[in-house]
Amino acid sequence: MKVLALGAHPDDIEIFMFGTMAAYAAQGAELTFAIATDGARGGKGDPSVLVRVRREEAAAAAALLGATPRFLDFPDGELVADAALIGTLNALIRETAADLVITHAPNDYHADHRALSDGVRIAASFAVPVLHADTMGGTGFSPTHYVDISAYRDVKTQAIRAHRSQMPQQYVDRARVQNEFRAGQCNGVVGSLAEAFRFEPTFPFADIRGLLPPAPPVRPVTPQTKIVGDAG
């Protein structure tokens with residue numbers, strides 16, 4: 001199994017899909033992390049220094065799963081789904097021979113996320129199925145698939161915190177709340193976590209369940225009622 005994870009910025013894979021990447025790593029999958037922009041606008045100060053720092057942070061996070069990130073180095077904040085981006089993505093997909101590509105949802109909050117999503121959709125064509133990660137806060141997102149990441153909560157937190165330049169605790173907290181909610185949608189036990197994804201079937205890829213790590217276990221709904229004794 002070969003999985004290509006594509007994020008617009010150096011910490012996006014960690015925030016939106018790192019638990020799932022950890023699940024794939026546990027299954028022995030071959031992971032490729034690719035980051036579309038240089039991240040130069042993700043902070044104050046000298047942009048060239050920030051680019052270097054963020055590359056180092058991304059490398060440290062990816063190393064937690066034995067992966068080495070690929071940096072496409074498009075300008076941060078200026079990503080567009082043009083011929084340059086599509087050509088680069090197409091070459092990357094061919095080179096990695098990915099069985100599945102995971103990237104941002106087409107309606108996510110950041111323009112770079114939306115541009116990358118559009119570019120991936122075009123570049124992938126009918127060569128590989130594309131799975132879209134949850135949006136920030138789950139806004140406007142209707143999941144079709146869930147991955148149980150309860151066993152990988154600590155490594156996901158470590159990965160987000162590796163991005164020290166980004167004040168990462170805010171994203172640790174956001175991700176934890178969202179992952180708890182997504183597990184709750186599956187009637188998961190208290191404290192369980194899940195990452196949510198959406199797949200739009202496109203010929204010839206109608207069903208990708210066999211390509212995904214396990215979803216949260218199905219539990220029947222058992223309403224709790226209080227036994228009321230006879231007052232007499």
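This report describes the fold, the surface and selected residues of one protein chain.

The model is predicted: local features need pLDDT of at least 70, side-chain atom pairs count only at pLDDT 80 or more, and totals for chains, interfaces and linings use all residues. Residues are numbered from 1 along each chain as its sequence is written, and side-chain values use heavy atoms, with hydrogens and water left out.

**Overall architecture**

The protein contains six helices and seven strands; helices (H or I, at least four residues) and strands (E, at least two) are DSSP runs, numbered from the N terminus. Their order from the N terminus is β-α-β-α-β-α-β-α-β-β-α-α-β. The radius of gyration is 19 Å, close to the 17 Å that the globule rule gives for 232 residues, so the protein is as compact as a globular protein of that length. That radius is taken over C-alpha atoms, and the globule rule is 2.2 Å times the number of residues to the power 0.38. Along the principal axes, the C-alpha atoms fill a box of roughly 80 × 45 × 30 Å.

Contact here means heavy atoms within 4.5 Å. Of the contacts between residues at least 6 apart in sequence, 78% join residues at least 24 apart.

**Surface and charge**

Of the 232 residues, 50% are buried; buried means under 20% relative accessible area, exposed over 50%, and partly exposed in between (1.4 Å probe, protein chains only). The protein exposes about 11,400 Å², of which carbon and sulfur atoms supply 55%. Accessible areas come from the Shrake-Rupley method with a 1.4 Å probe, and for residues only the protein chains shown count as cover.

The mean positions of the 21 positive and 26 negative charges are 3 Å apart. Lys and Arg count as positive and Asp and Glu as negative, whereas His and the chain ends are not counted. Each charge is placed at NZ of Lys, CZ of Arg, CG of Asp or CD of Glu.

**Buried residues in the strands**

L131 belongs to strand β5 (residues 130–133) and is buried, with a relative accessible area of 1%. Beyond its neighbours within four places in sequence, L131 contacts several residues, including L100, V101, I102, F197, I208 and L212. F199 is 68 residues away from L131 along the chain, yet their C-alpha atoms are separated by 5.1 Å.

T32 is part of strand β2 and counts as buried at 13% relative accessibility. Not counting residues up to four places away in sequence, T32 touches V3, L4, A5, R70 and T96.

**The aromatic pair**

Rings of Phe, Tyr and Trp (its six-membered ring) pair if their centres lie within 6.5 Å; planes under 30 degrees apart count as stacked, over 60 as edge-to-face and the rest as tilted. One aromatic pair results from this rule. The ring centres of F18 and F33 are 6.2 Å apart and the planes stand at 70°, so the pair is edge-to-face. F18 lies in helix α1 (residues 12–26) and F33 in strand β2 (residues 30–37), so the pair ties together parts that are 15 residues apart in sequence. F18 is buried at 0% relative accessibility, and F33 is buried at 2%.

**Backbone features**

The peptide bond from F203 to P204 is cis, with omega near 5°; P204 lies in the segment after β7 (194–198). Two residues other than glycine with positive phi are tabulated below.

| Residue | Phi | Location | Relative accessible area |
|---|---|---|---|
| A97 | about 50° | loop between α3 (83–96) and β4 (100–103) | 41%, partly exposed |
| N187 | near 60° | loop between α6 (169–185) and β7 | 26%, partly exposed |
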